[in-house]
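Thank you all for coming; I would like to take a few minutes to walk through one model with you. Please have a look at it before I go on.

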Number of protein chains: 2
Amino acid sequence: MKLTTFSDYAFRVLIYLASTGESASLSELAQAYGISRNHLVKAVNTLEKNGFVRTRRGVGGGISLARPASEISLVEVALSTEPNFTIVECFDYENNTCRIAGACRLERILQDATRAFMAEIGKYTLADITGNSKVLLKLIARSSA
Amino acid sequence: MKLTTFSDYAFRVLIYLASTGESASLSELAQAYGISRNHLVKAVNTLEKNGFVRTRRGVGGGISLARPASEISLVEVALSTEPNFTIVECFDYENNTCRIAGACRLERILQDATRAFMAEIGKYTLADITGNSKVLLKLIARSSA
DNA sequence: TCATTGTTGCATTTTATTTACAACTATAGC
DNA sequence: GCTATAGTTGTAAATAAAATGCAACAATGA
């Protein structure tokens with residue numbers, strides 16, 4: 001069970017932006033974390049389409065938070081970047097082939113478990129995970145040097 | 001975010017065995033659910049190695065529960081069949097490459113969320129999800145016919 | 001007008017998972 | 001003991017999903 005690197009990257013972008021409090025370019029972000037610019041591009045794109053960040057092209061452009069960090073719920077981010085939360089086949093009615101779907105009680109339990117997972121990360125906003133920004137930025141600076 | 005089909009199959013095996021209250025052969029299980037015998041084999045193997053089921057070769061052999069359904073915790077099953085619960089890269093210290101690991105507060109939150117997921121399925125045993133066995137077996141019978 | 005910076009779509013690579021295959025071992029009944 | 005049944009093991013192949021790369025494009029500010 002894991003989130004995609006895609007979601008992971010989206011979180012990293014938000015954390016970086018919230019930590020610096022400024023806007024950043026795609027190249028800066030990719031270099032800061034030492035990750036694929038290409039993949040990052042798509043994560044940022046998804047963040048933009050979902051209203052978490054704003055982007056501006058051209059000289060002096062870049063990516064910045066579209067709203068205060070305290071108004072960006074972590075669960076909303078995960079829901080928008082993760083392709084799906086189909087824990088088991090039967091969660092997807094359309095494509096389910098499991099013969100006991102409907103009668104099986106496991107489905108409900110796994111749904112509750114997923115909700116519990118969501119509820120937990122739903123307790124926090126981006127602001128909650130961006131307190132130690134100096135330490136964090138120092139870490140990034142040290143590794144990219 | 002999802003569990004592997006492997007884990008899914010493991011659950012299906014346990015549910016079947018608990019529902020019939022008898023032992024079943026690999027072929028019977030594969031046919032009942034209409035799924036790949038090959039993959040099922042490995043799931044059963046893992047279940048056996050982790051003490052959830054007992055297997056017997058030869059004529060009249062097959063697979064049966066190694067302990068009462070009420071003593072088989074769903075979370076234990078998931079933990080033994082799922083390859084890992086590395087929700088994000090940094091959960092795996094050995095291979096982590098994220099530069100802010102350690103200072104980043106998201107890790108802790110995702111760990112708590114994962115624990116919440118586990119705690120939820122940990123509330124139940126195989127016995128809890130095997131009440132409506134007749135309905136369930138009828139469903140299987142109908143589809144495999 | 002040009003350099004900068006994000007956008008889009010498609011192709012490729014990589015990885016993980018799933019499935020298949022084959023040779024093997026154990027067991028029960030005749 | 002022979003034979004059919006049934007699980008075991010290891011390896012290989014196929015599939016699917018995710019990650020990465022690339023190239024042509026569009027907007028913006030100096």
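When I speak of a contact between two helices, I mean heavy atoms within 4.5 Å. With that in mind, and remembering throughout that this is a predicted model, let me begin inside chain B, where B:Arg12, B:Val13, B:Ile15 and B:Tyr16 of H1(B) meet B:Glu28, B:Leu29, B:Ala32 and B:Tyr33 of H2(B). By class, the residues of this contact comprise six nonpolar and two charged, with no polar ones.

As for the geometry, two packed helices are described by the angle between their axes and the distance between the axes. Here helix H1, residues 5–20 of chain B, packs against helix H2, residues 26–33 of chain B, at an angle of about 105°, and the axes are 11 Å apart. Angles of 65 to 115 degrees count as roughly perpendicular, and H1(B) and H2(B) are therefore roughly perpendicular to each other.

Let me turn now to the DNA, beginning with strand D. There are 27 residues around DNA strand D, and those that come nearest are A:Thr5, A:Lys42, A:Arg57, B:Ser25 and B:Thr55. Of the atoms of DNA strand D that come within 4 Å of the protein, 63% belong to sugar and phosphate. Which element gives the most to the surface near DNA strand D? That is H3(B), with five residues, and the surface as a whole divides into eight nonpolar, 11 polar and eight charged residues.

Among the individual polar contacts, a backbone N or O atom of A:Phe6 lies 3.4 Å from a phosphate oxygen of DNA strand D, while a polar backbone atom of B:Leu26 is 3.0 Å from a phosphate oxygen of that strand. A base oxygen of DNA strand D, in turn, lies 3.1 Å from a polar side-chain atom of B:Lys42.

On to strand C, which has 28 residues around it, with A:Ser25, A:Thr55, B:Thr5, B:Lys42 and B:Arg57 coming nearest. Sugar and phosphate make up 67% of the atoms of DNA strand C that come within 4 Å of the protein. For this surface H3(A) gives the most, with five residues, and the classes are nine nonpolar, 11 polar and eight charged.

Polar side-chain atoms of A:Lys49 and A:Thr55 lie 3.2 Å and 3.0 Å, respectively, from a phosphate oxygen of DNA strand C. Finally, an N or O atom in the side chain of B:Arg57 is 2.4 Å from a base oxygen of DNA strand C.

Conventions:
Residues numbered from 1 in each chain as written. Chains lettered and ligands numbered in written order. Predicted model: local features only at pLDDT ≥ 70, side-chain atom pairs only at ≥ 80, totals over all residues. Heavy atoms only, no water. Axes fitted to C-alpha atoms, helices over the stretch in contact; angles between N-to-C directions. Helix = DSSP H or I, 4+ residues; strand = E, 2+ residues; numbered from the N terminus. Parallel < 35°, antiparallel > 145°, perpendicular 65-115°, else oblique. Nonpolar A, V, L, I, M, F, W, Y, C, P; charged D, E, K, R; others polar. Near = heavy atom within 4 Å. Polar contact = N/O pair within 3.5 Å; in protein donor to acceptor, adjacent residues only side chain to side chain.
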